[in-house]
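Q: Could you take me through one part of this chain slowly, as if I were new to reading structures? I would like a close look at a single loop and its surroundings.

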Amino acid sequence: MAKSLRSKWKRKMRAEKRKKNAPRELSRLKSILKVDSDVLMKDVQEIATVVVPKHCQEKTQCVVQDEKDDMKMETEIKRNKKSLLDQHGQYPVWMNQRQRKRLKAKREKGKGKSKAKAAKAAKGLAW
């Protein structure tokens, strides 16, 4: 929903306000932590977002990429390029009913020719 110019402007301004107030919030949080020595880090994590340093971030990304390769699922859908049907006989999600009907009619028309020829051949043999 929120696509009007007004909401876009408000979102932009809120983001700028967050940037402007971030150093102040951080200094306030640090001062609170210095005063209150018995504050747990779990409580702080709920209040503030914890940012990982850049040099550590690169190492973890490499590890995560290796795990993704191992965890790759077989989700490839085998689809006939001509009829666009998958292995279960389903059309793609984006295809509308009119297109489906048209492709089905084309498929039935192709099947009908072979049946008609077989029927004529059988009649020819029967005479």
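A: Let's begin with the chain as a whole. Residues 24 or more positions apart make up 3% of its contacts with a separation of 6 or more, where contact means heavy atoms within 4.5 Å. The chain has four helices and zero strands, and its pattern along the sequence is α-α-α-α. Here helices (H or I, at least four residues) and strands (E, at least two) are DSSP runs, numbered from the N terminus. Of the 127 residues, 9% count as buried; buried means under 20% relative accessible area, exposed over 50%, and partly exposed in between, with a 1.4 Å probe and protein chains only. About 13,000 Å² of the chain is exposed, and carbon and sulfur atoms supply 58% of that area, which comes from the Shrake-Rupley method with a 1.4 Å probe.

A word about the model before we zoom in. It is predicted: local features need pLDDT of at least 70, and side-chain atom pairs count only at pLDDT 80 or more, while totals for chains, interfaces and linings use all residues. Residues are numbered from 1 along each chain as its sequence is written, and side-chain values use heavy atoms, with hydrogens and water left out.

The predictor's confidence in each residue, from 0 to 100, is called pLDDT. The chain averages 75, and 54% of the residues score at least 70. Among the elements, helix α1 (residues 5–35) has the highest mean, 88, and α3 the lowest, 52. Where pLDDT is low, the predicted coordinates should not be read in detail.

Now to our loop, and to D86, which sits between α3 (54–70) and α4 (97–126). D86 is buried yet has no salt bridge, and the nearest side chain of opposite charge, R79, is 4.5 Å away. A salt bridge needs a side-chain nitrogen of Lys or Arg within 4 Å of a carboxyl oxygen of Asp or Glu. As for charge, Lys and Arg count as positive and Asp and Glu as negative, while His and the chain ends are not counted. A polar atom of the D86 side chain lies 2.6 Å from the backbone nitrogen of Q90. Leaving aside neighbours within four places in sequence, D86 is in contact with I77, K78 and R79.

L84 is found in the loop between α3 and α4 too. L84 is not a glycine, although its phi is positive, at about 65 degrees. With a relative accessible area of 23%, L84 is partly exposed.

K82 also lies in this loop, and it counts as exposed because its relative accessibility is 77%. The C-alpha atoms of K82 and R107 are separated by 9.8 Å, although the two are 25 residues apart along the chain. Similarly, S83 and K106 are 23 residues apart, with 8.9 Å between their C-alpha atoms. K106 belongs to helix α4 and is exposed, at 60% relative accessibility.

Notes
A polar contact is a pair of N or O atoms within 3.5 Å; within protein, one must be able to donate a hydrogen and the other to accept it, and residues adjacent in sequence count only if both atoms are side-chain atoms.
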